[in-house]
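Hi,

Here is the structure I promised to pass on to you. Have a look at it first, and then read on for my notes.

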Amino acid sequence: MEYRDGEALECIDCGATHEPGGNMLVCVKCGGLLEVAYPRSVFRSVSFNGRGVWRYRSLLPKVERIVTLSEGDTPLVKAERLGKYLGLKNLYVKFEGANPTGSFKDRGMTVAVSIALKFNAKSVACASTGNTSASMSAYAARAGLRSLVFLPDGYVAPGKLLQAVAHGATIVRVRGNFDDALKTLLMHREELGVYVLNSVNPYRIEGQKTIAFEIWESLKSVPDFTVYPVGNAANISSGWKGFKELVEAGLAESKPRMIGVQAEGAAPIVKACLQNRETIEPVEKPETVATAIRIGKPLSWKKALRAIRDSRGTAVAVSDREILKAQVDLARMEGLFAEPAGAASVAGLEKLSKEGFFKGDETVVAVVTGHGLKDPSINIEPYAELVIHPGENPAEALRKLS
Ligand SMILES: Cc1ncc(COP(=O)(O)O)c(C=O)c1O
Ligand SMILES: [Zn+2]
């Protein structure tokens, strides 16, 4: 079947393909998740030009007007000290906190908000643990669209809420958790007249898959492992799609093994993986200090389970203590400050390394998804502090301290 712009929306369950448009979020035949499918010819004529996410536009959906803040092109830092500590000779950190609004969400948003304009949307909306709303409201402001964000009351990091407010979003506080907020939005989206920009929207994944392209281009090869923090499970799914497309385009010969990391109090995907089950058991009351991944019913669980299984990867759950330790390790050994959810990938690596999962010479990339400045409510311990009066000698006070 021919589609207007070549690409179609394909159901991951029944395989039906649909003409993109309007407010289609799931398969009209079976309710399954959709993904953007490109014709074969696209993979035969790939060329990369320019910088950031749109460098890869030959592997992205066609849009008329690009809404961009120069997202992507984030640092891939060789983590020598952390690597030594973990017994990993080739450890890299992909620092997504360097995106314009401080998280990887900007990659998906530049594509999905550009698509919102193509579909003539006037208002966009999302339910969010914080970063999606921060990113969506920034891109909506840039595009001249209204934005509506549904937030779980009391569980959004202050920096993220401030961003949404600063960019002019209307805030809907839902007295429940993220899963409740999303359910409310999806139930009322028609009546609200909004284009939904949660990661159930397949165009978000398209932008986010560029993390894989950048890793491959920076390393000039595909790593053995990539490690992602997992909440709604869209990002790990998008990474896998990106790596698969590199192979399809004849650019790479192999794909990495995908490792998903969840917080112990919100780990339905880890549980399903480790118990070799086909479906997840939702967590009714998810809890973790890493509020960005405090999600009990991940939308993209099916895509993520496939990514982990098809890549012969694994999944690991980490405690809040392990997450906060990894946040400090990353900040003090490598100079990279991540929010707790962002550091969860490093926490997962610390745990797997201790368990002897790695040989030590593999190339491992930890995707660190969000900036530490997002969440100033976190207590970082331990830290050293001197209190002195004007005229006092700080060197003397320092000697006393040590
Ligand atoms: C900082 C951060 N890390 C990780 C995630 C999880 O990504 P995903 O929901 O795609 O699994 C999120 C999602 O909100 C996030 O904000
Ligand atoms: Zn279907």
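Below is what I found, starting with the domains and ending with the ligand. Please keep in mind that this is a predicted model.

Let's begin with the overall layout. The protein splits into two domains: domain 1 covers 76-102 + 204-374, while domain 2 covers 104-202. If you mark the C-alpha centre of each domain, the two points are 23 Å apart.

Next, look at where the domains meet. On the domain 1 side, 29 residues are in contact with domain 2, and 29 residues of domain 2 take part in return. Which elements of domain 1 give two or more residues to that side? They are helix H7 (202-208), helix H8 (210-219) and helix H9 (234-248). Of these, H7 gives the most, with five residues. As for chemistry, the domain 1 side of this contact is made up of nine nonpolar, 13 polar and seven charged residues.

Now turn to ligand 1. It is surrounded by 19 residues, and the closest are Gly231, Asn232, Ala292, Thr369 and Gly370. Helix H4 (131-143), H9 and helix H13 (340-354) each give two or more residues to this shell. You have met H9 already: it also gives residues to the side of domain 1 that touches domain 2. In the shell, 11 residues are polar, seven are nonpolar and one is charged.

Which domains does the shell draw on? Domain 1 and domain 2 each supply at least three of its residues.

Happy exploring, and write back with any questions!

Best wishes

Technical notes:
Residues numbered from 1 in each chain as written. Chains lettered and ligands numbered in written order. Predicted model: local features only at pLDDT ≥ 70, side-chain atom pairs only at ≥ 80, totals over all residues. Domains from an automatic or database assignment. Contact = placed C-beta atoms within 7 Å. Helix = DSSP H or I, 4+ residues; strand = E, 2+ residues; numbered from the N terminus. Nonpolar A, V, L, I, M, F, W, Y, C, P; charged D, E, K, R; others polar. Near = placed C-beta within 6 Å.
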